[in-house]
Amino acid sequence: MSFPSFIAGLVVGLIPFLVAAWLWRRKTHQFRDEKAQLKAEHEENLSELNAQRNEDLSNLEEAHHRNLEELRVLVARGMKWEGGSRQHLIEACEAIGVNGFVATNVSFLVQNRGSDAYIHQIDHLIVSDHMLFVVEAKNWQGTIYHRERYKNGYDPLSIDALPVLNEIAPEERYVLQVKDNDAMMLHPKGDTPEPVKQVEAQSKNFRKYLASRLGADPGHTLNCVFYSHRTSRLVGGARTFGKYTWATDKHELPAVLEQMQQHRRSTHAHPVRLHDIYEIVWALGADIQGVGTYAEQWQSPFPEGFEKRYFKHAQS
């Protein structure tokens, strides 16, 4: 074979390899271009998705704040009057060194035998290792006479002689409210019971409810009628009704809570199941604020004075 023929054969033989190398190189560049294009499209799509995600998160955050504000308004409306009395109770508990919590707006369902189910509502509940108190707050302004009618009908030397009391039977409890404008209101009135009867009924039903949840009798719940309006003045000062119920205005509230605490310590050897009752009350959706050593552990989402932010006429 001549040299030219060898060269010609070699060239012919190399042509497929050269073509294959060119095609491979072209394919490689094409693949790189397509990869770069796909990467750019991916980054663009990812950027768009991130932008959409950030927008959605921002919208959700704004909606969350709106819903939270609406919830605060709703709760503030529900605690329009209890907000002020709640703060007085928290301060009184702190003043006498209570370690526990103050719960507000405690609603629970009770079904008595042979009757329909009924939802009960408690304004405030104070619980510690030695306290289980039901508080009925009355935001009644003015001078408050909370007493029993004279056993012979009326005492001519006392307010029993007032004509407004003619409908009150002898020895029946009543509350006469004399407002700042001298207007008088008598309680009970219509379907509204006298406050001691009201708080004692609530306390009795709550004790039953607690017993059903705890699996044991929690012991006596002590009761307090608290006249919480800033102008309230209970004539004669704090007093007791029977063994388990007190009435007071804000001026003697710490002293009354201390008396109630000492009374329960002296009549109940076993401590209150504080943490178990907290779980029960929390599950009922009540507002709860810890006091003393529990002030940080159990915090209400609604700070002091929050109700005034939404209701400027709410009293403290």
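## Aromatic pairs

At 13% relative accessibility, tyrosine 278 counts as buried. The value comes from a predicted model. Tryptophan 298 is buried too, at 6% relative accessibility. The ring centres of tyrosine 278 and tryptophan 298 lie 4.2 Å apart, with the planes at 10 degrees, so this pair is stacked. Tyrosine 278 sits in helix H5, and tryptophan 298 in the loop between strand S11 (287–291) and helix H6 (306–310). The pair therefore ties together parts that are 20 residues apart in sequence. Both residues belong to one aromatic cluster with Phe101 and Tyr294.

The structure holds 8 aromatic pairs. One of them joins phenylalanine 108 and phenylalanine 206, edge-to-face, at 5.2 Å centre to centre and 65 degrees between the planes. This pair links distant parts of the chain: phenylalanine 108 is in strand S1, phenylalanine 206 is in helix H3, and 98 residues separate them. Phenylalanine 108 is buried at 1% relative accessibility. Phenylalanine 206 is buried at 0%.

## Nonpolar cores

The largest nonpolar core has 34 residues. Phe101, Leu125, Phe206, Ile277 and Val281 have the most contacts inside it. At least two residues of this core come from each of strand S1 (100–111), S2, strand S3 (131–138), helix H3 (195–214), strand S7 (222–227) and helix H5 (274–283). H3 gives the largest share, 6 residues.

Isoleucine 277 contacts Phe101, Val127, Leu132, Leu210, Leu214 and Val272, leaving aside neighbours within four places in sequence. A second, separate core has 19 residues, including Ile90, Cys93, Val102 and Leu253.

## Helix H3

H3 has 20 residues, which at 1.5 Å a residue should span 28 Å. The end C-alpha atoms are 28 Å apart, in agreement. Its buried residues include nonpolar ones such as Val196, Val199, Phe206, Leu210 and Leu214. Polar residues are also among them, including Gln198, Gln202, Ser203 and Asn205.

At the start of H3, a side-chain oxygen of glutamate 194 comes within 3.1 Å of the backbone nitrogen of valine 196. Just after H3, glycine 215 takes a positive phi of about 75 degrees.

## Salt bridges

The structure holds 5 salt bridges. One of them pairs glutamate 194 with arginine 173, at 3.2 Å from N to O. Glutamate 194 lies in the loop between strand S6 (184–187) and H3, and arginine 173 in strand S5 (residues 173–178), so the pair ties together parts that are 21 residues apart in sequence. Glutamate 194 and arginine 173 are both buried.

Glutamate 136 and lysine 138 form another salt bridge, at 3.0 Å from N to O. Both of these residues are buried. Aspartate 276 bridges to arginine 273, with the closest N and O atoms 3.0 Å apart. Here the partners are partly exposed: aspartate 276 has a relative accessible area of 35%, and arginine 273 has 38%.

## Histidine 124

Histidine 124 lies in strand S2 (residues 117–128). At 0% relative accessibility, histidine 124 is buried. A polar contact of 3.2 Å joins its side chain to that of threonine 104. Not counting residues up to four places away in sequence, histidine 124 touches Glu82, Ser85, Arg86, Leu89, Ala103, Thr104, Phe133, Val134, Val135 and Ala137.

Terms used: Residues are numbered from 1 along each chain as its sequence is written. This is a predicted model: local features need pLDDT of at least 70, side-chain atom pairs count only at pLDDT 80 or more; totals for chains, interfaces and linings use all residues. Side-chain values use heavy atoms; hydrogens and water are left out. Helices (H or I, at least four residues) and strands (E, at least two) are DSSP runs, numbered from the N terminus. Buried means under 20% relative accessible area, exposed over 50%, partly exposed in between (1.4 Å probe, protein chains only). A polar contact is a pair of N or O atoms within 3.5 Å; within protein, one must be able to donate a hydrogen and the other to accept it, and residues adjacent in sequence count only if both atoms are side-chain atoms. Contact means heavy atoms within 4.5 Å. A nonpolar core is a set of buried Ala, Val, Leu, Ile, Met, Phe, Trp, Tyr and Cys residues joined through side-chain atoms within 4.5 Å. Rings of Phe, Tyr and Trp (its six-membered ring) pair if their centres lie within 6.5 Å; planes under 30 degrees apart count as stacked, over 60 as edge-to-face and the rest as tilted. The expected span of a helix is 1.5 Å times one less than its number of residues. A salt bridge is a side-chain nitrogen of Lys or Arg within 4 Å of a carboxyl oxygen of Asp or Glu.
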